[in-house]
Amino acid sequence: MFRLAPYELLRFRTLLQRLGLVFAILVPTIYGGIYLWSNWDPYKRLDRVPVAVVNEDRPVQVQGRTVNAGADFVSELRKDRLLDWHFTDSGTASHGLGHGRYYAVITVPPDFSSRLTSGATGMPEKAAMSIRLDDSNNYLVGVMAKTIQSELERKISAAAVSAYFEAAFGKLTELHSGLSDAANGASELNTGLGKAKDGSAQLVNGLVAAKQGSAQLVTGLAQADSGTEQLADGLTQLKAGTARLAPGAAQVAGGVHELASTAVPLAELAAGSLPKLANEASSVTSDAARLTSAATVLTQRLAKDTGAVDGWLRDVAARHPDVAKSPHYRALLGSLRSVDGTAEPRLRDLAARFPAVTDTYGYWTALDVARKLDATLPGLLHRLAVRYHIAPDDPVYGPLLELADTIAERTADLARTTAHVNTVAMGLAADANCFEQVVPALRKKLLEGASGLRTLDKGAAAVATGARQLDDGATPLLAGAQKLHTGAGQLLAGGRQLDSGNAQLLSGAIQLDDGNAQLKAGAGKLASGLASARDQIPLVGNGDQHRAAENFANPVNVRTSNAHPAKVYGRGLAPFFIAIGLWVFGIVAFLMMRPVSGRLLAGRLGAGTVAFAAYLPVLAVGLVAALVLFLVLDVGLGLDPVSTAGTLGLMALGIAAFAAIVQFLRVAVGAVGDALALVLLITQLVSCGGLYPVQTLPQPFRVIHRVIPMTYLVEPLRTTISGGLASRALRDAGILGLYLLAALALLVLTVRLQRRWTMSRLKPDLEL
């Protein structure tokens with residue numbers, strides 16, 4: 001077979017025949033080399049692709065600085081020439097895109113900066129940027145645009161996020177300052193509530209003393225009531241005795257002496273105690289009046305101030321009807337009723353809207369009263385919540401506002417209780433006045449009775465003669481004693497009411513003191529919470545804001561590594577086009593060379609000898625063609641494989657396997673074999689995974705991928721050119737070698753079968 005093989009090559013004697021053989025050798029180079037040359041590194045020359053950039057963005061002012069994100073984006077493009085940027089206006093860009101001068105137009109809209117910085121002043125809005133293409137100019141420009149789109153998006157996002165964070169850092173500084181002011185205000189509030197707690201404690205102590213005094217007064221009045229009852233009983237007995245005085249003088253003398261020894265000290269005691277009792281009752285009623293006056297002044301002041309401002313406003317509205325229709329007027333009335341801390345600024349807004357209000361009599365007084373209303377605890381709390389955007393359900397502010405409402409309610413309860421006590425005290429004062437008016441006459445009569453008893457005691461004779469006079473004098477004395485007893489009972493009832501009122505007042509004061517304690521604790525927690533929140537807000541100096549914003553915009557440096565880089569587009573696709581070129585050689589070679597010589601088929605040599613004698617010339621030419629292709633790719637384009645020997649060995653194995661497969665098809669079915677070889681070429685182009693990963697192919701092609709020979713040439717060539725696992729390359733080379741052996745075995749079998757001549761073989765329907 002080695003002796004017969006050269007005869008097929010010696011058959012090419014003429015120049016044209018030899019040129020045809022050279023053409024067959026150059027087919028792999030023409031197909032694979034020229035394509036790879038033209039597309040070896042297309043992305044290296046992307047900076048020659050003209051792209052128009054239109055910047056219509058308008059700068060905005062945010063936090064005292066100018067943000068011009070569109071200009072920043074253009075500056076980034078000027079620094080990195082990914083494409084051939086042409087910075088122009090919208091009309092020129094559109095005209096150039098339509099006439100093919102530009103392949104794409106990037107437009108920055110007018111609201112680009114305002115949308116990027118919208119998060120610093122309210123709800124963030126998404127900025128937009130458009131890239132217009134025209135596939136009628138070149139479709140692959142769109143593919144290239146998608147390739148660099150990630151880099152453009154990174155530059156856009158970096159500029160956008162940097163602008164946003166630079167604006168946001170100003171807000172953080174303002175928030176830190178506001179929380180610091182709020183923490184100081186809460187601390188001052190805590191100090192003021194501490195003073196209020198001390199005052200409520202003093203009020204409780206004073207009411208405890210008042211309660212003790214009223215209890216002692218009730219005890220004394222009970223004793224006085226018991227004494228007057230005894231006095232009335234004694235005078236009743238005296239009256240009965242004087243009535244029986246006349247019948248028995250001797251008995252009268254003894255009874256009068258006994259009466260004198262008992263009644264005189266009692267009368268003197270009552271006469272001496274009555275003025276003191278009257279003075280104590282008057283003092284108690286006076287203290288109760290002062291207490292009720294002090295307790296009600298708190299609520300009366302607020303009502304008076306609010307009523308004064310409300311009356312002045314209604315007078316202004318009556319004089320100026322346009323003021324009454326203004327929303328500023330209605331908002332001011334609502335602020336006065338709810339005491340939300342905005343009365344003064346709303347009054348100033350009304351005056352600014354209607355200058356005639358400032359000329360109205362009482363305007364400055366009303367402004368001063370509104371300022372005092374805003375300085376109350378509810379007003380301060382409402383202003384604190386509005387200023388720092390504290391929600392009503394805030395865990396600190398909510399309880400604080402509830403405590404303020406509780407203080408207001410308990411102050412109103414205290415006012416109602418003291419009003420009741422004042423009413424009782426006024427009745428008690430009236431009784432005390434009546435008692436004071438009766439005391440002199442009663443005291444006088446008691447003294448006169450004591451003097452008469454002494455006179456009666458001195459002489460029984462005088463008693464007998466004055467018995468009638470004594471009886472006449474005892475009657476009014478008895479009536480006065482009964483009146484005294486009745487007055488003492490009323491005074492005792494009033495004292496008990498005063499004591500009950502003091503008890504209620506003391507209970508309300510204790511509740512007020514407890515509420516102040518809770519309010520002080522809440523204010524302390526508020527101050528601590530605000531200080532903690534202030535300390536947790538990061539502060540960035542003005543000089544570091546730009547660097548910090550850039551770090552936030554690009555928080556991570558992503559480093560990409562490649563274990564076996566292909567480096568350029570053409571080097572990555574070289575295995576695919578080398579395999580295609582070698583297969584195409586098998587198709588073209590048998591257009592010039594015979595699959596098997598007819599003389600050999602008709603000879604007596606064995607089928608194996610004939611088959612290999614026909615195969616070796618094609619193999620020799622194919623090896624030369626593979627070597628030429630490798631030299632062109634390596635020397636001319638810089639293929640620079642990791643393993644030159646491995647690459648050459650795989651190319652030799654590939655040309656041997658592909659030539660054997662195509663030769664088998666030509667010998668087996670004649671001219672139809674070329675068509676089958678072409679179909680196999682197309683099938684392998686889409687199934688071998690040379691362009692896209694196999695996983696992206698439809699299911700039928702993924703199945704075919706594992707049973708076609710081109711797969712086992714493309715994959716090991718990637719390893720020998722770019723690098724990879726040698727074991728996997730050896731495995732694929734072994735599988736490709738099995739394809740070679742199978743094709744040669746089939747070729748020998750086909751040659752054996754072809755020695756049977758038929759009419760269809762002598763005169764085929766199709767011949768090339």
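Student: Let's start with Asp-674: is this residue buried or exposed?

Tutor: Happy to! This is a predicted model, in which local features need pLDDT of at least 70 and side-chain atom pairs count only at pLDDT 80 or more, while totals for chains, interfaces and linings use all residues. Residues are numbered from 1 along each chain as its sequence is written, and side-chain values use heavy atoms, with hydrogens and water left out. Asp-674 has a relative accessibility of 8%, and the cut-off is under 20% for buried, over 50% for exposed and in between for partly exposed (1.4 Å probe, protein chains only), so Asp-674 is buried.

Student: Which residue forms a salt bridge with Asp-674?

Tutor: A salt bridge needs a side-chain nitrogen of Lys or Arg within 4 Å of a carboxyl oxygen of Asp or Glu. For Asp-674, the N to O distance in its bridge is 2.8 Å. The partner is buried too, with a relative accessible area of 9%. That partner is Arg-666.

Student: Which residues are joined into one network by salt bridges that share partners?

Tutor: Glu-344 pairs with Arg-348, with the closest N and O atoms 3.2 Å apart. Asp-368 pairs with Arg-371, and here the closest N and O atoms are 3.3 Å apart. Through shared partners, the network takes in Glu-344, Arg-348, Asp-368 and Arg-371.

Student: Why are Glu-344 and Arg-348 separated by about one helical turn?

Tutor: Helices here are DSSP runs (H or I, at least four residues), as strands are (E, at least two), numbered from the N terminus. Glu-344 and Arg-348 both sit in helix 10, residues 343–353. Their separation is about one helical turn because their distance along the sequence is 4 residues.

Student: How many residues apart are Asp-368 and Arg-371?

Tutor: Both lie in helix 11, which covers residues 363–374. Asp-368 is partly exposed at 33%, and Arg-371 is partly exposed at 34%. About one turn of the helix separates them, and in sequence the gap is 3 residues.

Student: How many salt bridges are there by this rule?

Tutor: We have met several already, including the one between Arg-666 and Asp-674 and the one between Asp-368 and Arg-371. Counted by the same distance rule, the total is 6.

Student: Which residues have the most contacts inside the largest nonpolar core?

Tutor: A nonpolar core is a set of buried Ala, Val, Leu, Ile, Met, Phe, Trp, Tyr and Cys residues joined through side-chain atoms within 4.5 Å. The largest one has 68 residues. Helices that each supply at least two of its residues include helix 2 (15–38), helix 16 (569–592) and helix 18 (607–637). The residues with the most contacts inside this core are Ile-578, Trp-583, Tyr-615 and Met-710.

Student: How many residues are in the other core, the one with Val-316?

Tutor: This core lies apart from the largest one. Among its members, besides Val-316, are Ala-317, Ala-351 and Val-357. Its residue count is 22.

Student: How far apart in space are Met-710 and Ala-579?

Tutor: Met-710 is placed in the loop between helix 21 (699–705) and helix 22, and is buried with a relative accessible area of 0%. Among its contacts (heavy atoms within 4.5 Å), leaving aside neighbours within four places in sequence, are Ala-579, Ile-580 and Trp-583. Met-710 and Ala-579 are 131 residues apart in sequence, yet C-alpha to C-alpha the distance is 6.5 Å.

Student: Which residues does Ser-687 touch?

Tutor: Ser-687 lies in helix 20 and is buried, with a relative accessible area of 0%. Not counting residues up to four places away in sequence, Ser-687 touches Leu-697, Phe-701, Ile-704, His-705, Ile-708 and Thr-711.

Student: To finish, what percentage of the residues in the protein chain are buried?

Tutor: The chain has 24 helices and 6 strands. Of its contacts between residues at least 6 apart in sequence, 80% join residues at least 24 apart. Out of 768 residues, the buried share is 42%.
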